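Me: Please take a close look at a single residue in the model below and describe its surroundings. I would then like to see how this part is set within the rest of the chain.

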Amino acid sequence: MPLAGAAEGRVGRRSGHAFNGLVIIFLLVGVLLRCADLGPMEDMLTHDEAYNGVDALSLFREPRITLFLTGNNGRESTWVYLLTGFVWVFGARPFALRLAALMVATLSLAATYALGKEVLGRRGATWAAGVMAVLYWHLHISHLALRANLFLLVGTLAFAALLRAVRTNAVAHWAVSGTALGALAYTYFSSYPWILWAFLVLGGWFLVDRRRRRGAVLAGGVAALVALPMAFYVVTHLQYVLDRPGEVGALTRAGVWENVRLWAGAWFQRGDGCPEYNLPGRPILDVYLGALVGVGLAGLPFAVRRWWHLVWLAGMAFMALLPSLLSDHAPHFLRALGLTVALSLIHI
């Protein structure tokens with residue numbers, strides 16, 4: 001028996017080393033793919049990227065604290081503060097901005113692995129990271145110096161921390177999840193549905209599990225405390241914060257149903273037509289990727305670590321899609337960027 005146990009331990013360690021090696025390979029592939037076209041893009045900036053760069057220069061030359069930048073229809077400022085550091089090191093040129101996006105996107109691959117471990121275990125997490133590394137949707141957006149990349153990183157980490165806190169019921173993990181959830185409010189307006197879903201999950205655990213009740217309250221309280229400055233800004237400067245959502249909103253019944261129709265066709269027929277966020281019209285999936293998604297969906301109930309992970313994943317995917325369903329120019333791949341995480345978790 002001791003010999004059998006030792007043999008099983010060695011097999012388990014070898015398997016663990018193999019998956020660790022695969023994760024490293026997938027991360028390297030992801031980095032190489034995201035670096036491949038940075039040279040030709042050295043002299044290219046879209047309007048929004050250029051505006052972020054100008055604001056980063058302004059913060060660099062005149063350091064100040066501001067939660068929200070009112071120019072260009074209003075934007076959360078955290079991404080621009082991050083760009084300021086890259087401008088300081090690499091100079092005021094497109095390379096600095098795109099390098100920031102590349103590094104954040106690469107960290108998102110690692111965050112997808114961390115989230116995948118909570119939902120699917122090590123094996124499923126490894127393949128989830130691999131899918132995210134090569135998924136064209138995420139690869140395309142990774143080249144853009146836009147705050148949606150920061151939203152995806154922080155949001156994925158927040159959900160990974162939340163699911164880990166639920167699993168371990170450790171006070172420290174609940175506090176970390178609350179901190180990440182609160183930080184999500186400073187990234188991108190598409191984060192708000194994810195924040196709402198996280199609080200609904202916390203509320204669910206508060207109601208159904210007495211052992212996790214204190215942890216859920218702690219995470220929710222920490223999140224509210226971290227997000228309090230932004231909440232205060234929203235209340236006191238509502239006209240600035242609602243400027244962009246108000247401009248792009250499509251909140252009529254006919255508008256929402258039209259967006260549902262467009263998104264239904266985005267998977268295999270016609271995707272986002274904007275050249276900034278996609279090869280114009282390229283669908284999300286082709287026949288082969290669609291087959292993989294079908295197999296992944298069929299096997300998902302058997303792959304998740306807990307049955308309620310299916311409910312969480314469905315809610316997370318819907319909340320990721322919601323900003324595009326409620327706004328114009330659907331299917332808008334930037335506003336629904338969170339769906340890339342759901343797709344990666346389904347490919348198992």
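Reply: The residue chosen here is E118, which lies in helix α4. Helices (H or I, at least four residues) and strands (E, at least two) are DSSP runs, numbered from the N terminus. The model is a predicted one, in which local features need pLDDT of at least 70 and side-chain atom pairs count only at pLDDT 80 or more, whereas totals for chains, interfaces and linings use all residues. Residues are numbered from 1 along each chain as its sequence is written, and side-chain values use heavy atoms, with hydrogens and water left out.

E118 counts as buried because its relative accessibility is 8%; buried means under 20% relative accessible area, exposed over 50%, and partly exposed in between (1.4 Å probe, protein chains only). Leaving aside residues up to four places away in sequence, E118 touches A160, L163, R164, R167, R305 and H309, where contact means heavy atoms within 4.5 Å.

Among these neighbours, R167 deserves attention. Its side chain and that of E118 are joined by a polar contact of 2.8 Å. A polar contact is a pair of N or O atoms within 3.5 Å; within protein, one must be able to donate a hydrogen and the other to accept it, and residues adjacent in sequence count only if both atoms are side-chain atoms. The side chains of R167 and E118 also meet in a salt bridge, with 2.8 Å from N to O. This pair links distant parts of the chain, since R167 belongs to helix α6 and E118 to helix α4, 49 residues apart. The term salt bridge denotes a side-chain nitrogen of Lys or Arg within 4 Å of a carboxyl oxygen of Asp or Glu. At a relative accessible area of 39%, R167 is partly exposed, whereas E118 is buried.

Helix α4 takes part in another such pair. R98 forms a salt bridge with E49, the closest N and O atoms being 2.5 Å apart. Here, too, distant parts of the chain are linked: R98 is in helix α4 and E49 in helix α2, 49 residues apart. R98 is buried, with a relative accessible area of 3%, and E49 counts as buried at 0% relative accessibility. Helix α2 (residues 47–61) also holds G53, a buried residue with a relative accessible area of 13%. Between the C-alpha atoms of G53 and P94 the distance is 8.1 Å, although the two residues are 41 apart in sequence.

The structure holds 8 salt bridges. One of them joins the side chains of R211 and D209 at 3.6 Å, N to O. R211 is exposed, with a relative accessible area of 63%, while D209 counts as buried at 11%. D209, R211 and R212 are linked in a network of salt bridges.

Helix α4 (residues 94–134) contains V134 as well. Together with I25, V29 and L33, V134 makes a nonpolar surface patch of about 300 Å², to which helix α1 (residues 2–35) gives the most, with 3 residues. Patches are made of residues with over 30% relative accessible area and no salt bridge; like charges are joined within 9 Å, and nonpolar side chains (Val, Leu, Ile, Met, Phe, Trp, Tyr) within 5 Å. Accessible areas come from the Shrake-Rupley method with a 1.4 Å probe, and for residues only the protein chains shown count as cover.

Helix α6 (148–168) is followed by a loop leading to α7 (171–183), and N169 lies in that loop. Phi of N169 is near 55°, a positive value in a residue other than glycine. N169 counts as partly exposed because its relative accessibility is 28%.

Turning to the whole, the protein chain has 15 helices and 2 strands. Its radius of gyration is 21 Å, close to the 20 Å that the globule rule gives for 348 residues, so the chain is as compact as a globular protein of that length. The radius is taken over C-alpha atoms, and the globule rule is 2.2 Å times the number of residues to the power 0.38. Of the 348 residues, 50% count as buried. Among contacts between residues at least 6 apart in sequence, 73% join residues at least 24 apart.
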